[in-house]
Amino acid sequence: MAIAQPATRPANPRFSSGPCAKPPAYDLSKLADAPLGRSHRAGVGKAKLLAAIEGTREILGIPADYRIGIVPGSDTGAVEMAMWSLLGPRKVEMLAWESFGAGWVTDVVKQLKLDAVVKTAEYGEIVDLASVDTNNDVVFTWNGTTSGVRVPNGDWIAADREGLTICDATSAAFAMDLPWDKLDVTTFSWQKVLGGEGAHGMIVLSPRAVERLESYVPAWPMPKIFRMTKGGKLIDGIFKGETINTPSMLAVEDYLFALDWSRTVGGLEGLIARADANAGAIHAFVYANDWIENLAVDEATRSNTSVCLKFTDKRIADGASFAKAVAKRLEAEGIALDIGAYRDAPAGLRIWCGGTVETSDIEAMLPWLAWAFEAEIAAQG
């Protein structure tokens, strides 16, 4: 017997974890003011880039004495720039509980060849943060995009620490309240929480990070694309919109639109509330159905952006094939696009819940998820 489909469909089926859904008010005509065909070094280009930097500071509440730069290579480029430029003079602790954090471990241990203390946890769990010594330099992700596990708070980071904290916050910025006084380097990309375009990263430096940059010269060669100092001094222009390489002015305009939109929903507080409501709808669905669970074990560390789920029904013969079939069925119906688990993560689903997603779309999608589950169970025979 055919399983009846739900009557309501999401207005927007885009639940990808990156690039993420555009803001609900998005339309290409909103980018008409982009200075296309103009140099990013012209007055209009510099003004747009500076507006992107200062808009970021305003919405995220970044302290006035922190430096904010637009850098190449998305969040990956920003993290690499930080690690290659700052690590070396102190002992390093690397924290990883998902694939991107594991990637930073590989780069520090195998590429920079530093003798780092590596602390890892399985997908769905987090390392013992109380065991971390922040007198060492510490590299970690605030939110594990591929595991749905986030740092609950910054209490474990000492206020009087001697080391630097280097935080990959790409799926946390604009959706979680980051404690700037506990973060010395923070990175993220435009294509995550605000749904911007790819290839552009942001790096935020505390005064302590700037002091390290100006007092320490790494032992390894530094590619031009990573250099933030010249003659022992910070290249100040990078943090005023004079980018290292040529940015896309169309992508800049797109980001400026996203910042403007975020103001209309209440800024950071409003964005967090929207993400919490989205994730909350999924958590309520999970609690009501015994065939699906959060990948994140501890409720206190569950992400409100990249919500990762696993199927637990004993009738499922092949977990990976089943999860892929459910995701494929939902995509074929135009209900949910790009919700399969990350390639390195355990089999399951990953549903983006950042502030650009409407809660009504999450709520409309969930009955379809139940429909797809039952249809695949039936298809197994």
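This tour proceeds from a three-stranded sheet to a helix and then to aromatic side chains.

The model is predicted, so local features need pLDDT of at least 70 and side-chain atom pairs count only at pLDDT 80 or more, while totals for chains, interfaces and linings use all residues. Residues are numbered from 1 along each chain as its sequence is written, and side-chain values use heavy atoms, with hydrogens and water left out.

**The sheet**

Select first the open sheet with the order S12-S13-S14, whose three strands pair in the antiparallel sense. Strands here are DSSP runs of E with at least two residues, helices are runs of H or I with at least four, and both are numbered from the N terminus; two strands pair if DSSP finds at least two bridges between them. Strand S12 (292-294) and strand S14 (349-352) form the edges, each pairing on one side only. From one strand to the next, the twist averages 30 degrees. Axes are lines fitted to C-alpha atoms, for helices over the stretch in contact, with angles from 0 to 180 degrees between N-to-C directions.

Next, display strand S13 (residues 306-311), which is joined to S14 by four bridges. Ser306 stands opposite Trp352 in S14. Then add helix H8 (residues 359-379), which lies across S12, S13 and S14 and runs at about 165 degrees to S14.

**Between sheet and helix H8**

Select Phe311 and Phe373, an aromatic pair that is stacked, with 6.2 Å centre to centre and 10 degrees between the planes. Rings of Phe, Tyr and Trp (its six-membered ring) pair if their centres lie within 6.5 Å; planes under 30 degrees apart count as stacked, over 60 as edge-to-face and the rest as tilted. Phe311 belongs to strand S13 and Phe373 to helix H8, 62 residues apart. Both are buried, meaning under 20% relative accessible area, as against exposed at over 50% and partly exposed in between (1.4 Å probe, protein chains only). Extend the selection to Phe285, Trp291 and Phe322, which form one aromatic cluster with Phe311 and Phe373.

**Helix H5**

Move to helix H5 (residues 249-264), where twelve of the 16 residues are buried, among them Tyr255, Phe257 and Trp261. Their cover includes helix H1 (43-60), strand S8 (185-189), strand S9 (200-205) and helix H6 (267-288), where contact means heavy atoms within 4.5 Å. Just after H5, Gly266 takes a positive phi of about 100 degrees.
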